[in-house]
Amino acid sequence: MSSKINSNNNNNHRINGQISLQPCTHLADFRSRHRSNPFRALQDCLRIKPPGGRAAIRRDPSEVPLCGVCGDSGGGRTRLYACVSCAAVHCHAPPGGGPSHAAAHAESARGGHEIAVDVDRAELFCCACRDQVYDRDFDSAVVLAQTAASTLHAPPHSVTTPTTIRLPQPENLRKRRRIDYRPWTPDPRERSLMGSSSSPLNGTVSDSDSNSDSRSNDLLPWGLRGLNNLGNTCFMNSVLQALLHTPPLRNYFLSDRHNRFYCQKKSNCNGNGNGDGIVNRRNASNNERNNNSRMCLACDMDAMFSAVFSRDRKPYSPAKFLYSWWQHAANLASYEQQDAHEFFISMLDGIHEKVEKERRKPHSQGNGDCCIAHRVFSGILRSDVMCMTCGFTSTTYDPCVDISLDLEPNQGGSAKMASTKSNHASNGEVDCLNSSQNSGISTLMGCLDRFTRPERLGTDQKFFCQQCQVRQESLKQMSIRKLPLVSCFHIKRFEHSSTRKMSRKVDRYLQFPFSLDMAPYLSSSILRRRFGNRIFPFDGDEPEASNELSSEFELFAVVTHTGKLDAGHYVTYLRLSNQWYKCDDAWITQVNENIVRAAQGYMMFYVQKMLYYKASEKQVAA
Amino acid sequence: MRPSVNRPPTPDVQENQEKEPTLQETINIKLIESGEKERLMELLRERLVECGWKDEMKAICRAFIKKKGRNNVTVDDLVHVITPKGRASVPDSIKAELLQRIRKFLVSAAL
Ligand SMILES: [Zn+2]
Ligand SMILES: [Zn+2]
Ligand SMILES: [Zn+2]
Ligand SMILES: [Zn+2]
Ligand SMILES: [Zn+2]
Ligand SMILES: [Zn+2]
């Protein structure tokens, strides 16, 4: 469930995740001399400058600040500071880098002129301590100004289309997704277990077979097996292929963590209530309710993993799984379309539900353990909603098993492209990225930029501001608080009309990278890039992105959709040992990576890089 | 007595700058006035992140803070420590790209 944190009365000042030091004596003095709003004059000088929307200090927008003593314009070895007491601008260089006219100004004024503001960063500096200082009031004024400015520059569609962040979903699906579950991070022992248990997966199983059929099969990685179409079930097959080759999921089932024989036996005990552990056939078969309680999607997954990773290479029919899933999905009254993404969501739900039902004792709070579906796929989204009037921000955290992304609206405006550019810095494939931006091709990174961009909520979506005590216009920004082991991105290619019927499919091409760095979209990066080094007027306690290697992901499966809305076909491309395979129901073929790059991606599955490499290392075909 | 906060821009700069500004100063001011400097800075930031320069500087800062203890380091100390390394390790390709941009700007500004 989402936890709401309103940190206005929070006494622990935090700067980008670190508890701040006390203000220096100079800043404390300054504050005590100016009780009410000491930075009022500065507020009028705050300018938010595109590109990037950085805050700067200028008395009028066209001012070119220069050092009052030497005329230096800053930027070289020096920075320019404006004294917050008298507004005089001076240069400053660290010891050894040249003179500091700002420090000289502070000294000659004999007290009261130590605190200055960096004119190009709008960050406070104490010229006596020669160090950055932080002030909550000042920082919230800057954050509010940046917030207001970012909405002025927003392209018109984001004003008129209220929150387009998530696809509106059928009510009960949405509710189910908000079930109280804890994310799980593997501890070092579990990580090494995952890593080590994936190495036996090489293709040497059928060494003893000598017929030509199995010899050609040996060239395929282990576990690559077609799935028979059971009547328009490509929506299911496509997702199952991705799940069967999701490294942490595969390792879980192949290491017998959910044993179907044990699970069914246990369920029957519970169902009969006699506790003797003997399967009672009569009871099991004529009691529908009992039958439902025995239905376990994880057991069916277990059976499927066993079958697919056996020696048998003939296409497999996931009939049992389809039946179980159908029973589960039938309870979801609004399940209408056979959509691969909805199937994915509902089957993760199904696995979760069963496991939760089985639990006798409430699971321990701290270690964040849940069903295998959520251990692998669940991350946490952070959403900051800021009141446009007073700057009060309400932060919520929501678990998610995937991220649904809007395709960018048809390109054309070059202003928009510039605004999405800054995030790409740390992602590879820079050349192709830049060229794609010039040619206006949508990219996955572009979608993620849009997803994490501040967005003004429409007037029909005013939120209740706890500080103003009325409904106010607001600004919403999404970011990723915690990355899952496997990130699934769902591209909203199906546009639903208000009557919740599919109305249209968007066929536009979307470029996606084989390696993806998620660091730019983490909460810590988003907040820092937007606002600089500040005390946030809201919860800024975020783990440092660059400390975690886990932000690097590798693509391992792409579910594609071709054709029309109702007469379409799903196909999955799998990347095993850095070789791509096309899984088209029963048919598996090896394909060139360019075919994958050109495909119309509907769902993209990325796994944390360290798990991907561990999983593929020893699988290279002879 | 504290001077007024709302004092107009200090006039002494213009007085001190009676002498002809150097070409470098003129270019610098043109860059600032046109907003090109801001765009160049943004480009430079982006490039320095891409090539790993920023991570490298971050690592040096972290190591320095670790050595000195986190309460005994000022921003000035950090700038002082990384400036020589930072200047030396900017890739030539980035310098060339920026120089190219500045040249283009000068032509278009017809200085
Ligand atoms: Zn002063
Ligand atoms: Zn100076
Ligand atoms: Zn101080
Ligand atoms: Zn089971
Ligand atoms: Zn769960
Ligand atoms: Zn408010």
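What percentage of the 622 residues in chain A do buried residues make up? The answer is 55%. Please keep in mind that this is a predicted model. Here are my notes, point by point.

1. **Chain A overall.** The secondary structure of chain A comes to 23 helices and 28 strands. Its accessible surface is about 26,900 Å², and carbon and sulfur atoms hold 50% of that. Among the contacts in chain A with a separation of 6 or more, 71% join residues 24 or more positions apart.

2. **Chain B overall.** Chain B has 111 residues, of which 28% count as buried. You will find 6 helices and 0 strands here, and the pattern along the sequence reads α-α-α-α-α-α. The accessible surface comes to about 7,700 Å², with 58% belonging to carbon and sulfur atoms. For contacts with a separation of 6 or more, 67% are between residues 24 or more positions apart.

3. **The zinc ion, ligand 1.** Four protein donors surround this ion: A:Cys83 through SG, A:Cys86 through SG, A:His105 through NE2 and A:His113 through ND1. They lie 2.0 to 2.3 Å from the zinc. Along the chain the donors follow the spacing C-x2-C-x18-H-x7-H. A:Cys86 and A:His113 link distant parts of the chain, 27 residues apart. A:Cys86 sits in the loop between strand E6 (79-83) and strand E7 (89-92) of chain A, while A:His113 sits in the loop between helix H3 (101-108) and strand E8 (115-118) of chain A. Both of these residues, A:Cys86 and A:His113, are buried.

4. **Geometry at ligand 1.** The angles among the 4 donor atoms run from 104 to 114 degrees, and the site of the zinc ion (ligand 1) is tetrahedral. As a reference for your own checks, the ideal angle for four tetrahedral donors at a metal is 109.5 degrees.

5. **The zinc ion, ligand 3.** The protein donors here are A:Cys24 (SG), A:His26 (ND1), A:Cys126 (SG) and A:Cys129 (SG), at 2.0 to 2.3 Å from the ion. This site is tetrahedral too, with angles of 102 to 114 degrees among its 4 donor atoms. The spacing of the donors along the chain is C-x1-H-x99-C-x2-C. A:Cys24 and A:Cys126 link distant parts of the chain, being 102 residues apart. A:Cys24 lies in the loop between strand E3 (18-19) and helix H1 (25-33) of chain A, and A:Cys126 belongs to strand E9 (residues 124-126) of chain A. A:Cys24 and A:Cys126 are both buried.

6. **A:Ala104 in helix H3.** Is A:Ala104, a residue of helix H3 of chain A, buried or partly exposed? A:Ala104 is partly exposed, because its relative accessible area is 38% and the partly exposed class runs between 20% and 50%. From A:Ala104 to A:His90 the C-alpha to C-alpha distance is 9.1 Å, with their positions 14 residues apart in sequence.

7. **Helix H10 of chain A.** This helix, residues 247-254, is mostly covered, with 7 of its 8 residues buried. The buried ones are A:Pro247, A:Pro248, A:Leu249, A:Arg250, A:Asn251, A:Tyr252 and A:Phe253. Just after H10(A), A:Asp256 takes a positive phi of about 65 degrees.

8. **A:Lys49 and its neighbours.** A:Lys49 is in strand E4 (residues 46-49) of chain A. Leaving out residues up to four places away in sequence, A:Lys49 touches A:Arg54, A:Ala56, A:Arg58 and A:Asp120, and also B:Glu38. A:Lys49 and A:Gln146 are 97 residues apart in sequence but 9.1 Å apart in space, C-alpha to C-alpha.

9. **Helix H4 of chain B.** H4(B) spans residues 53-68, and its 16 residues reach 23 Å from first C-alpha to last, close to the expected 22 Å. Which residues of H4(B) are buried? They are B:Trp53, B:Met57, B:Ile60, B:Cys61 and B:Phe64. These residues are on the same side of H4(B), because they cover an arc of only 95 degrees around the axis. In general, an α-helix has 3.6 residues a turn, so residues three or four places apart point the same way. The buried residues of H4(B) pack against helix H3 (36-50) and helix H5 (75-88) of chain B. Just after H4(B), B:Gly69 takes a positive phi of about 90 degrees.

Notes: Residues numbered from 1 in each chain as written. Chains lettered and ligands numbered in written order. Predicted model: local features only at pLDDT ≥ 70, side-chain atom pairs only at ≥ 80, totals over all residues. Heavy atoms only, no water. Helix = DSSP H or I, 4+ residues; strand = E, 2+ residues; numbered from the N terminus. Expected span 1.5 Å × (residues − 1). Buried < 20%, exposed > 50% of the residue type's maximum accessible area, 1.4 Å probe, protein only. Arc of directions from axis to C-beta. Contact = heavy atoms within 4.5 Å. Areas by Shrake-Rupley, 256 points an atom, 1.4 Å probe, with all protein chains shown as cover. Donors = N, O, S within 2.8 Å, 3.2 Å for Na, K, Ca; no water. Tetrahedral: all angles 85-135°; square planar, octahedral: opposite > 155°, others 65-115°.
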